[in-house]
Structure formats: C-alpha cells, structure tokens
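Open the model in your viewer and keep the selection panel at hand. We will take a short walk through it, one selection at a time.

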Amino acid sequence: MLKYVIFEGGMYKHELLLEFVDDVGGFVIQKTVIGLDLIMNLAVPEEEVERLQELVQEVKGKLRDAPLIGTEVAVVAPTLSRHHLPHPACDIAENLRRHGAKTNIMGLARGVGQKIVHTSIQERQLIEEHDLAVFTLGNFEHCLRRFKPKLFKDLSIPVIVTGGPLELEVEGANGYVGGIGRYPERARTMDMIERLRKVSELAGKLIEERRREMDLDPLIIEPALVKSEVERQVPEVLDALSPTPVTLKVDGVRIKLPYDEYKEKVASVVVEGKKLNEVSRITRSQMRDYILVKILSESYFS
Amino acid sequence: MKIAVVSSDIRGGEMYRHIIERNVEDMALGSSVTGFAVMIKPEIPLFVIKVRYKERESKNKLGELARIEPRSGSTRVILEDEIDLGDALKTLWSTYGRDKVEQSGRTEIVVRGVEPESLRELRIRKERVSVSEKINELVNRVIPEGFRIRYVIREGDLLTVIAAEDPIKDEWKKMAADLVVND
C-alpha cells in the first residue's frame, strides 16, 4: 500500500528525493516551489517510508503524514446563503487542504429546516463522486439528530458531520465533530482551530480505512500513474484553467476537460500497456462537464 | 445592548447569542439597537426574535453627522454613529483621494489639506439611512433559514418576528408577546 506524505524543505539536493521516490515506485503528486522553499506531496510504498525519512533528515527537511493526499473531499453546506457560508465550510475546507486533500465546497438546494430538508438525486450523485463528504450543519441537537440524517444516510461514501452540540451520535454518519455549528466569523481561536484539525484527522482516518479495505482487492493501476500518463498523453489538460486539472481520487481521477470533446482521447491513453478504457470506467461527471475515471479492481479481471 | 435568550437547546441558544452579537457588529448597528429577546424551540420548531431599536433622523451632510475639528494642516471628523462610517469614507476617498483620507479610529477620520468648511457641506449619500430596513436585514441574517413562515409585528421602535415551519399559531403569538426585551 502507498503511504502519503508531505515533504517540506529546501530546493537543495531535492533531486535525491525525486530519484528515491522514482526508484522505489512512488509518485510525486504535487510539487510547489516558493522561493527557495519546496513542498512536495509524495506517495511512497509503506515499507520505504523509513528510508525516505532518513533521506529527508539528510537534506534537512521535514516529513509529515498526510493521508488525505490523493483524495477529493466534498464540503457540503445546507445552502449557499450567508447563514451557512462562508465561514464554517471554508474553514473546514482550508484545513482539509492543509492536510493534503483537494476540496470542493457545495451548497444544497434544500438542506435547511426540518420538513423541507432533502437532497436531490443529482446532488447525491455529485457528492458520491468524491471520496468523502463533510456536512457542515447547524446548532440544534434536535434537528441534527432527527431530521438531518436523511441528507447523507444513503450515501455510499464515508460521511463526517459537524455541528454545534459538543457530543452527538448521528445516524448514517461515520463520524461527528462538535463545536463547529453555524458561526458567523473566521475560526481564529486555538479551540476552534483544534476542532478543524479534528475534522481533518477523522477524515484521514476514514480514508486510510478505505485504502486498507481496497488493499484486499487493489486497483489494477495506481491512480497516480494514470494521472501522470494522462498529463503526458493528453497535454491539453495542462492548459485547463481549473485548479488541479487532473485531480487524484482514491479510486481514480477527475480530468477537467469537456467530456464530449476528450472522452475518446482519454480512453485511448495507454497505461502499463493497456488502454485506459480497458481498465477503468470513463463517465461524464456531474460537476460541469468533466471526465470521471474510475479504475477497476484486480478481481474484475480474474 | 442586552440580549436575552430563552432556548430549550441551551448550547444552541448561546451560539445564537454570539451570532446576534457578530451580526450587529458587522452591520454597525451597535448604537442603534438597544435590546434583543430571542426564544428558540427547535422541537416545535419556533424562533421568535424581538428587537428594540432607535430610528434615526434623516441626515446626509457630514456637518450634521459628525463633529468637525480643524487641526494643523488637516481636519478631524468624529462621526456620531458608526453606521455612517462606510458612506463617509467612500465619499471622502472619492472626493479627496485615498492618500489624503485616513481612518484613525472606530468613528474618526483625518482628512489632510482640506478646510473644515468644505467638509461640512459634503453629502455622503443620496438617500437617507433607514435603521428599520437594516434591522430587517439583521433579523433575516439571524433567523435560521429553514424557518420560512414569518409573522411580523411592528410596534413603534419594537420589531417582533415569529418564524416557524408551520402556519403561525395564536399561542405562539402570545408566547412572543410575553417575551420581554430589556434595554
């Protein structure tokens, strides 16, 4: 299984790291250079992390675990109005990004109230395109416990719920983080930031659990390899203005190019001697007109 | 400004106290609102908010809204109410430029190289400020979105809004009437 880590250090001798990652069959998911500083999101085989750590110490850098690298997380607010946005949703999304996730914030059409609350099929499909969803709900225990579970209880992906009450069991959610309800300001206190960190920590734990489950029947090709091959064989993707034009997901990639125009080209991308459409399902995404690639598992071919 | 919150969900109620405080601050209504009373019963569901506020006279000229004091080479503008700060800064910046206008305090602005007399006659907006309109906006920002059925009572400087998901019942109106706003 691959382990996801963030390297923070300088440019000096960083080629050693790149060489090492390449040699052990890992991937550089993202590389950001800020002046002389370097931040890299890396995926390396679990058994090689110790050796990588030694190398990182040699180049005087830092390495930290970031299980959310290579995941796309939906942060779902009950609506798009100022009651629920921007503060809770954006704070949570920012913290998730600091832990390596790619986040998308979405507002439901009717996620409020007790009687009208519901999600449409299209909303559910869009949420399910992600690897994990964080629902940022309100302050009342009664509402959260009795009426809000219908928003997420049928979803096939892990769900974290945030709300005002400090402790709560929410039906249909994989985890709950309290003390983050509806609030009208940016999270600035240590207490609030700690709660945001808890959301990211819980998200990391759930994603790691999912990856361990998937390891029992691994994907036929690593999504990170598909990403680099798509970037190499469909260079138009590098000109797309969307952030992270090829977004890594736990079980595939999202390619931010128009589906009708590029589906054939994406399908004919060759990865490890096989065409992409032979080893994955390529569909139209509910998000704009993007291309969604879901890689098939090994058992599918046995 | 006093805020009384009666809630069957104690923590939820306290969070609403905070939401009210921050919204009053954001809308610069601190000096216009004198008291709030809120009753929250999510199990019904019912949300009642009562606001007592001071309606203001229509003043548009800077000389009427602020104390204007000459200083060596500059003029100090001390606004009576924070609610006018946004309009005053906007007008001063567009008239004299950003390099000459500086906000030196919450309600204080220093304008360099301009005579007090010309500032006194400066109109900072075309239309008068309506505090009651701003109070309506404030109340809408506070009431949870799902409580879409509203019943509004205006009695002089007191605004009462009963919000629920069902048609408003007479007993709720009575509960709202019994809620006291302390100034």
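Start by colouring chain A by domain: domain 1 covers 2–65, domain 2 covers 72–213 and domain 3 covers 223–301. Keep in mind as you go that this is a predicted model. Now place a centre on domain 1 and another on domain 3 of chain A; the two C-alpha centres are 25 Å apart.

Next, select residues 246–249 and 280–284 of chain A. These are β10 and β14, the edge strands of a sheet, and each of them pairs on one side only. Show the rest of that sheet and you can read its four strands in the order β10-β11-β15-β14 (chain A), an open sheet with antiparallel pairing. From one strand to the next, the twist averages 20°.

Zoom in on β10(A) and residues 252–255 of chain A, which form β11: the two strands run antiparallel and are joined by four bridges. Which residue of β11(A) is the bridge partner of A:L248? Look for A:V253.

Now add residues 223–233 of chain A. This is helix α7, lying across β10, β11 and β15 (291–295) of chain A, and its direction is at about 170° to β10(A).

For the last stop, move to chain B and select residues 10–26 and 131–142. These helices, α1 and α5 of chain B, pack at an angle of about 145°, with axes 10 Å apart, and α1(B) passes α5(B) in a right-handed crossing. Show side chains here: B:I19, B:I20, B:N23 and B:V24 from α1(B) meet B:L138, B:R141 and B:V142 from α5(B). By type, the residues of this contact are five nonpolar, one polar and one charged.

Terms used: Residues are numbered from 1 along each chain as its sequence is written. Chains are lettered from A and ligands numbered from 1 in the order in which they are written. This is a predicted model: local features need pLDDT of at least 70, side-chain atom pairs count only at pLDDT 80 or more; totals for chains, interfaces and linings use all residues. Axes are lines fitted to C-alpha atoms, for helices over the stretch in contact, and angles run from 0 to 180 degrees between N-to-C directions. A crossing is left-handed if the near helix is turned anticlockwise from the far one by less than a right angle, and right-handed if clockwise. Two residues are in contact if their C-beta atoms, placed from the backbone, lie within 7 Å. Ala, Val, Leu, Ile, Met, Phe, Trp, Tyr, Cys and Pro count as nonpolar, Asp, Glu, Lys and Arg as charged, and the others, Gly among them, as polar. Domain bounds come from an automatic or database domain assignment. Two strands pair if DSSP finds at least two bridges between them.
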